[in-house]
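Hi,

Here is the structure I said I'd pass along. Have a look first, and my notes follow underneath.

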Amino acid sequence: VREIQYDDTAEIRSNVPAEADIRYQHLVLEILTGEHRGEVLTVRHTIEMIMPGNYIFKVNDQVLIRLTENAEHEIETVKIEERVRDTPIYVITALFAALMIFIGHRQGLKALLSLIVTVGLIFFAYIPLILKGFSPIFLSIIISAAAITVTLAIISGRRKKTAAAILGTISGVMIAGLLAVIFGAAGQLTGLAADTAISLAYIPHFRWLDYRGLLFGTIIIGSIGAIMDVALSIASSLWEIWELNPAISAKQLIRSGMNIGRDIMGSMSNTLILAYVGTSLHLIILFMVYHISFTEIINYDSVSSEILRAMAGSIGLMFTIPATVWISAALYPGLKRMGEKKNG
C-alpha cells in the first residue's frame, strides 16, 4: 500500500448501527510480484464494521490481491484477499530449525531431517495420489508406515530398539485407524464437517473424493507423532535396562516396560486430547454461548469427528504401550552377549 485515504468520520457516524455502518478506504497499490510487477492501481476497499476482524490498512502495508485479466492480459478486476504474513512465518520457522540444531546438535539435525522427509511424503506423495483417485485410507497406512520407518531410522539408527519402536508405532497407528473406520462408519460421519472440506466438495472436479476416507486418513496421520514418541521412549528405556542387565528375564523386562508405559500414558493421552480440544475451542465456546445441550452437541458431525479423532488416537497410543513392550521383550533378551550387543 503506497498511499491511503480513509473515511475518518467516526464521530459523525457514532450513532449508526453497526450492521449499517459501511466505510471505505481508497488505496493506491503497487504490484510487487508477478507479470504486472511495478504497475500501480487505485482500489476502493469496503469495510463493513459489523464484520469482526475487518481490515483497515496503513501506508506501506503489504496485501495479497487477486487479479482477473482480459484477453489482452490487462487487469480487469482487483480484489484484496489478505494481509501479507509470510515474513513472520518464515522467521519463526527458521528460529525453530535453528534452536533444534543448536540445542539438539546432531540429534536435532536428524529430527529436523526426519520432519522434512515426513512433510515431503505428505505433500509430494500422499496428496497427489489422493487427487489421482487412490484410497485415502490405504494411502494413509502406506505413508504412515514409510514416515515412521524413515523417521525412527534417522533419529535412532539401525538398532534393535529402532525396530521395536517402528513395529510398536505401526501397531498403534493401525489400531487407531481401524477404530476410526469402525466407529466412523457406525456413526455415519460424512467427513464434511470442516468448512474446508465443504469448500473442496463444491468444486465439481473434486466431488468424487472419498471425504470420509480423508477423515479417517487424517486420524491415522495425526496420531503418528504422539504414538511414535511413546513407542521410542519405551523401546529406548527397555534397551537401557537390558544393557545394564543383559541377564534380565523377559517377564521382568515386560513388567518394567509396563510400569514405564503407565507413567507415559496419562500425559500423552492428555497431550492428544487437549490438542484436539484446542483446535475446537471456538466451536465449544459457540455452543456454550447459545446454551446448546450436551446431547445435541455430541451429535453434530463436526464434534463427533473430533471426539472420534481424539479417542481413536488415544486408544491407539494406549495399545502401543503393551505392543512395544512385548516386541522389545521378544527382541532384546535374544541378543548375543558380545559383538551384536554393541551394534544393537
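Let me start in the middle, with helix α5: its buried residues are Y211, G213, L214, L215, F216, G217, I219, I220 and I221. That is nine of the twelve residues in α5, so the helix is mostly covered, with buried taken as under 20% relative accessible area. Who does the covering? Among the elements packed over those buried residues are α1, α2, α3, α4, α6 and α10. The helix itself looks regular in length: α5 reaches 16 Å from its first C-alpha to its last, close to the 16 Å expected at 1.5 Å a residue.

Before you go further, bear in mind that this is a predicted model. The protein chain averages a pLDDT of 84, and 89% of the residues score at least 70. Over residues 3-12 the pLDDT is below 50, and that stretch has 18 contacts in the model beyond near neighbours in sequence. Residues 335-344 also stay under 50, with 17 contacts beyond four places in sequence.

**Overall picture**

The protein chain has ten helices and five strands. Of its 344 residues, 33% are buried. Taking the contacts with a separation of 6 or more, 64% are between residues 24 or more positions apart.

**Pocket and cavity**

You'll probably want the empty space next. The largest pocket holds about 660 Å³ of space. Its lining comes to 24 residues, and G191, A194, T196, A197 and T218 lie nearest the centre of the pocket. Which helix gives the most to that lining? It is α5 again, with five residues. The helices that each supply at least two residues of the pocket lining are α1 (86-131), α4 (195-201), α5 (211-222) and α10.

As for enclosed space, a search of the whole structure finds one cavity of 30 Å³ or more. About 40 Å³ of space lies in the largest cavity. The residues lining it are I141, S144, A145, I148, I170, V173 and M174. Both α2 and α3 supply at least two residues of this lining, and α2 gives the most, with four.

**Nonpolar cores**

The largest nonpolar core has 34 residues, and the members that touch the most others are L152, V230, I234, L317 and Y332. At least two residues each come from α2 (136-156), α3 (160-186), α6 (224-244), α7 (250-279) and α10 (301-331). The biggest contributor to this core is α6, with twelve residues.

If you want one residue to click on here, try V230. Leaving aside neighbours within four places in sequence, V230 is in contact with I264, M268, L317, T320 and I321. There is also another core, apart from the largest one, made of ten residues that include I130, L139, I143 and I221. I221 is also one of the buried residues of α5.

**Helix α3 and what follows**

How far apart are the end C-alpha atoms of α3? They are 39 Å apart, which agrees with the 39 Å that its 27 residues should span at 1.5 Å a residue. Just after α3, Q188 takes a positive phi of about 55 degrees.

**Odds and ends**

Two histidines also turned up with positive phi. H73 has a phi near 60 degrees and sits in the loop between β4 (63-69) and β5 (75-83). H105 has a phi near 55 degrees, but its place is in helix α1. Are these two buried or exposed? With a relative accessible area of 52%, H73 is exposed, because the cut-off for exposed is over 50%. H105 counts as exposed too, at 57% relative accessibility.

Also in helix α1 is G108. In this case the relative accessible area is 5%, so G108 is buried. The C-alpha atoms of G108 and I155 are separated by 8.7 Å, although the two residues are 47 apart along the chain.

That's the tour. Shout if anything looks off when you load it up.

Cheers

Methods: Residues are numbered from 1 along each chain as its sequence is written. This is a predicted model: local features need pLDDT of at least 70, side-chain atom pairs count only at pLDDT 80 or more; totals for chains, interfaces and linings use all residues. Side-chain values use heavy atoms; hydrogens and water are left out. pLDDT is the predictor's confidence in each residue, from 0 to 100. Contact means heavy atoms within 4.5 Å. A nonpolar core is a set of buried Ala, Val, Leu, Ile, Met, Phe, Trp, Tyr and Cys residues joined through side-chain atoms within 4.5 Å. Buried means under 20% relative accessible area, exposed over 50%, partly exposed in between (1.4 Å probe, protein chains only). The expected span of a helix is 1.5 Å times one less than its number of residues. On a 1 Å grid over the protein atoms alone, a cavity is a set of points where a 1.4 Å probe fits but cannot get out, and a pocket is an open set with protein on both sides within 12 Å along at least five of seven lines; lining residues have an atom within 4 Å of a point. Grid points are joined across faces, edges and corners, and a volume is the space filled by probe spheres set on the points.
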